[in-house]
Amino acid sequence: MTQDNQLINLTRRQMLIGAGAIGLASAGAGLGTSALFRDTESFTGNSIVAGELDLLVDWQQHYEYSYAGDRVTTFVNAHPDHDGDGEQSIAADNDAQQIKYSDFPDPEDDDSNGANIPTLDCSNIPPLSEADFGVDPITGEANETLVQLRDVKPGDMGEITFSLHLCDNPGYIWMQAGNVDQDGGTAAEPELIVDPDNLGTLGDEIEACLWYDEDCDNVYDPAQPADIMLTLDFSGSMLYNQYGGVVSNDDITVFGSTYDETTKIDLVELGTRQFIQYLQSQGADVKVGVAYFDGEGSDDTEPRTGILQSMTTDLNVVDGALDGLRQKLANVVSGGAGSTPSDGDGDPDPYSNASGIATGTYIGEGVDDAQDELASNGRTGVGAANIVLSDGESFNGTGSTTFSSPTGAADDARAASPAPATDVYTISVGSANDSILQSMAGPAGGSGGAAAYFEDVDDPLNIPTVFGNLAAEFVGEKKIMQDSLANVLTALADGNGIPLDGNRGTIYNELSDPANDPDRDAFRGDGVMHCVALKWELPVDIGNEVQGDTIGFDLGFYTEQERNNDGSGPVVPA
């Protein structure tokens, strides 16, 4: 075990939850008031113990309650919150002079208030010492800590989404709790009638859910049907060492095939097949196809782009089409005019002489092919998505064909030209033209340049993780635990806490599988956003037995560097 680790005590607090009296017995008795999640210490415990490892956290918190017969949802606090109104925000050089949480609504969810700001990263998240905890939305009293609600009633609920950014080095992350304590609080007369011993049971009555909030919108999203195209770069730089295709000299095993070196296309095959197999294991309602794009040879009259696999709901067929991508790419780029993935005439040796291969990268044509496939074989009324991966930028090869604009093709896809309107996700690998690929990315019907739809993968070894986490967006968001708040806290306080998985596309059970299970991945170290959400609700039919009750606990995150650690975590004293 190394000392490359970091403990962030997000609260280090005594959190208290109180419930107002209800029922006929409470008439004239007054309302019990106590604090919900009240800290006794400041929200400042961010420290680096050793090594270059930095875990930064931002968040947005909501509270929902009844008022005059209506349900009211309000912002409680957020970080960063540059104007102190409880809504996550940062200053920006635009017409509004700011970017806010509510600038990012989820078009698929009418209940969504937005999403945590996707442009937050390791360079612009302020330290926790600058956090503004706002005011209690009911009493108007200033909050001294993360969550401090002083008069919670049955039917009230709250939610907070933490966004985790691991800077510098990859690492394993645990979510933890400690010092869990329940108390009966003030013994109000209405409570003593039904609870003469004044037991502290509030945590047992509060319903809670902890989940990976993939789109960081503070709302649990169930599974939705989707039609998906994978649009993959088949240019020579994905395979041949001569053009930067070899990532490392370490061997790699891709579903039974072992190679002496690791290339970008190997990592794409591993990632896309994990993507497909995860969707299959989760019973996702999806229809998937695969498009590819290369350039052109000197004798070509059109770019070497096309459909590797037409759209189908049979994911076994798609998995088979993605098998052996080294050979299929080689067939496209090193064969004669009009070569296709099935020709079988390419040389897949990454160290072979690739001087005569077709050159160029026709991203726009690949996007157009994928959109045509969605238009021809997609399902009516089903959301469409195109996931585009490239390690280059569009340019002409040695032939004479003028390439299409990749941004124009993506604009058409998002705008339903041809139908359907399509979410365009882009993955920029290595030295790709980040600005072009980012400008292509965006939601159906929306503009390009949407950070939430763009993945910048400087290290190609992260390609499988990116596909794994994208897969999680096409199934219901993964619930880590759904139980009473008391039981969730017990799990978080047990041992090292709950081990979080940096790749939700792998089948890993956070509650029962060991922390060093091979299917649990470390989190990337490039500051990419991962969101974990906690929601609580006090049922509307709860009685006076919880009036004045309190529950207190500490909450935090622990991380340790992946290098020289296996994910098993620190040793817990017996």
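This report describes the fold, one sheet with its covering helices, a helix pair and some local backbone features of a predicted model.

## Overall composition

The chain has 574 residues, of which 56% count as buried, and its secondary structure comes to 10 helices and 23 strands. Among contacts between residues at least 6 apart in sequence, 74% join residues at least 24 apart. The accessible surface of the chain is about 21900 Å², and carbon and sulfur atoms account for 45% of that area.

## A six-stranded open sheet

Six strands form an open sheet with mixed pairing, in the order E16-E15-E10-E17-E18-E19. Strand E16 (305-312) and strand E19 (454-457) stand at the edges, and because each has a single partner strand, one side of each is left without a neighbour in the sheet. On average, and with direction ignored, neighbouring strands of this sheet are turned by 15° against each other.

Within the sheet, strand E10 (residues 226-233) and strand E15 (residues 286-293) run parallel and are joined by eight bridges. At the level of single residues, threonine 231 has alanine 291 in E15 as its bridge partner.

## Helices lying across the sheet

Helix H3 (residues 264-281) lies across E10, E15, strand E17 (383-390) and strand E18 (422-429), and runs at about 170° to E10. Helix H9 (residues 463-471), for its part, lies across E10, E17, E18 and E19, with an angle of about 165° to E18. Strands E10, E17 and E18 therefore appear in the description of H3 and also in that of H9.

## The pair H6 and H7

The axes of helix H6 (residues 363-377) and H7 come within 7 Å and cross at roughly 20°. Because angles under 35 degrees count as roughly parallel, H6 and H7 are described as roughly parallel to each other, and their crossing is left-handed.

On the H6 side, the residues that take part in the contact are Ile363, Gly364, Val367, Asp368 and Gln371, which meet Pro406, Ala409, Ala410 and Ala413 in H7. In an α-helix, residues three or four places apart point the same way, because there are 3.6 residues a turn.

## A mostly covered helix

How many of the 10 residues of helix H5 (residues 325-334) are buried? Eight of them are, so that the helix is mostly covered, with buried meaning under 20% relative accessible area. The buried residues of H5 are Leu325, Arg326, Lys328, Leu329, Ala330, Asn331, Val332 and Val333, a list that includes the charged-type names Arg326 and Lys328.

## Local backbone features

Two cis peptide bonds belong to the stretch between helix H7 (406-414) and E18, where the loop holds proline 418 and also proline 420. The bond from serine 417 to proline 418 is cis, with omega near 0°, and the bond that joins alanine 419 and proline 420 is likewise cis, with omega about 10°.

Positive phi values in residues other than glycine are found at alanine 68, where phi is near 55°, and at asparagine 564, where phi is near 70°. Alanine 68 is placed in the loop between strand E3 (54-67) and strand E4 (70-79), and counts as exposed because its relative accessibility is 68%. Asparagine 564 lies in the segment after strand E23 (550-561), and is exposed as well, with a relative accessible area of 56%.

Methods. Residues numbered from 1 in each chain as written. Predicted model: local features only at pLDDT ≥ 70, side-chain atom pairs only at ≥ 80, totals over all residues. Heavy atoms only, no water. Helix = DSSP H or I, 4+ residues; strand = E, 2+ residues; numbered from the N terminus. Buried < 20%, exposed > 50% of the residue type's maximum accessible area, 1.4 Å probe, protein only. Contact = heavy atoms within 4.5 Å. Areas by Shrake-Rupley, 256 points an atom, 1.4 Å probe, with all protein chains shown as cover. Pairing = 2+ DSSP bridges. Axes fitted to C-alpha atoms, helices over the stretch in contact; angles between N-to-C directions. Parallel < 35°, antiparallel > 145°, perpendicular 65-115°, else oblique. Left-handed = near helix turned anticlockwise from the far one by under 90°.
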